Amino acid sequence: ASEIYDVVVIGGGGAGLAAAVSAARQGASVAVLEKADSLGGNTIRATAMYNCVDDQLQHPLQIMDSEQLFFEETFNGGHQKAKPELVRILTSQADEGLAFLQELGLEIDTVIDNCLGGEHARGHYSKAHNGTDFIQVLSDACVREQVDFYLNTRAEALIQEGSAVIGVQAVQQRQPIQFQVRQGVILATGGFGYNVEMRMQYDQSLTGDLLCSNTPGTVGDGLVMAQAIGASLIDMEYIELYPMADIYDGGLHNSIPNAINHGILVNTEGDRFIREDAGRDELAQAIRAQDHGFVYSVTDDDFSSLQEDRDFLEGLVLMGQVVKADTLEDLARQLELDFSVLEAAVNDYNRSVEQQRDPRFQRRTLINKIDHPPFYATAKTVTVHHTLGGVEINEHAQVLDQKTQPIPRLYAAGEVTGGIHGANRLGGNSFPDCIVFGRIAGTEAAAQPPRPM
Ligand code: ADP
């Protein structure tokens, strides 16, 4: 079978759907190829925090933020390894990206949060507090814009005429299907965290025994297809370990990561071992280095009262995934920790909050003491979460070749790209990445003069 569209998007996660809506709004006929039997990719599984500067929500909380601070935290957080021109686009267009989602119908909560690495709280949540409503809103918009979805359709190769990409060879339910494009192809296939062989090729330490938060389809298909036609891959060795995953399956669903702002991390001896507001990479390495490779996040009722959905927290308690106790002593008993060590760690941390200074680990976010029972704790470990490298793009989301020349009619957005986060990602930056660069890729592809066919 053979189909013709103006624009074909490979991958139906956040970046792919944002690209598809944007291209269709320019009047392009658009197809989204998705190898799974449903849309959403890893985007739908994410904790889904969306960073952007937002005076309206930040000012009442005395958070004095700016695009420049957002840029600096992102660029420095990534150890200055990202392409600054891409970071500039991310940090200056993230607010327009959020407005775009809101215009499509996404409801944003009034909470502002920060998570893993950023110093200025600028993280937004949708009403669902996860990726489901992002995907719902984007896929509804695709339907309104008459985008065609091809589910169970795996792209296998990019088709070229000269250097230009003019189509996609795919397989739908075991049958070959070819797509030709008049304007362009957009790669939005996500990362390669689930592909042990590929990740070990770039980082030997990421062995198969590590847990992974991704969907099993996150194996780097887009990178293989792009590399086969000469695309440049960059930053492939920067593979993010998420430090706060569920110890059973490496997922983030039972995650209470924000406890980190309102509590401490202790090892299996009951002691603190790091400033909890360190970057993700530092946290992950420190957790991996602890005995047994997991730690406990310990917090108190002040944290639980922040939870909109207390029933959810209580459910986790019932399932044994979160431990709840009326006294620290009982918490230590339930976790089989040495009470005297835990008590000393908590007292020392509480003193740091009082003095707004943490002499032991130099933690900077000292928001509240752990002194309001009941106390909560949950076991956390590292999981392979996000591959920061990928195809190299320019400011127009065009995929670059080995000589940094754009490959005509090939665009990319989302986790499949490299150069946006550098060597470490700020929590809350992948959603704006998908939306901002998805919009650019879609708009730019749809602005290409159609090739004669
Ligand atoms: P991003 O956050 O960058 O949008 P996601 O992981 O959310 O990335 O989405 C990527 C999507 O691409 C997933 O739904 C995945 O199943 C899909 N995908 C990956 N490889 C292919 C392929 N070869 N053909 C079609 N879809 C693919």
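**Exercise 1. Determine which residues, beyond its neighbours within four places in sequence, are in contact with Thr-218, and whether Thr-218 is buried or exposed.**

Solution. Begin with the contacts, where contact means heavy atoms within 4.5 Å: leaving aside the neighbours within four places in sequence, Thr-218 is in contact with Asn-42, Gly-191, Phe-192, Gly-193, Tyr-194 and Asn-195. The model is a predicted one, in which local features need pLDDT of at least 70 and side-chain atom pairs count only at pLDDT 80 or more, while totals for chains, interfaces and linings use all residues. Residues are numbered from 1 along each chain as its sequence is written, and side-chain values use heavy atoms, with hydrogens and water left out.

Next, place the residue: Thr-218 is found in the loop between strand S10 (211-212) and helix H7 (221-228), where helices (H or I, at least four residues) and strands (E, at least two) are DSSP runs numbered from the N terminus. Finally, Thr-218 has a relative accessible area of 3% and is therefore buried, given that buried means under 20%, exposed over 50% and partly exposed in between, with a 1.4 Å probe and protein chains only.

**Exercise 2. Describe the shell around the ligand and the polar contacts made there.**

Solution. First, the ligand is surrounded by 24 residues, of which the closest are Glu-34, Thr-43, Ala-155, Asp-221 and Glu-415; a residue is near a molecule if one of its heavy atoms lies within 4 Å of it. Second, consider polar contacts, which are pairs of N or O atoms within 3.5 Å. A side-chain N or O atom of Glu-34 is 2.6 Å from an oxygen atom of the ligand, whereas a nitrogen atom of the ligand has a backbone N or O atom of Ala-155 at 2.9 Å. Third, the ligand taken alone exposes 580 Å², and the protein buries 96% of that, as computed by the Shrake-Rupley method with a 1.4 Å probe. Fourth, helix H1 (14-25), strand S7 (153-161) and H7 are the elements that give two or more residues to this shell, and S7 gives the most, with three residues.

**Exercise 3. Work out how strand S1 pairs with strands S9 and S2.**

Solution. Two strands pair if DSSP finds at least two bridges between them. Strand S1 (residues 2-10) pairs with strand S9 (residues 175-187) in the parallel sense over eight bridges, and within this pairing Val-7 stands opposite Gly-184 in S9. Four bridges join S1 to strand S2 (residues 30-33), again running parallel, with Val-9 opposite Val-32 in S2.

Conventions
Polar contact = N/O pair within 3.5 Å; in protein donor to acceptor, adjacent residues only side chain to side chain.
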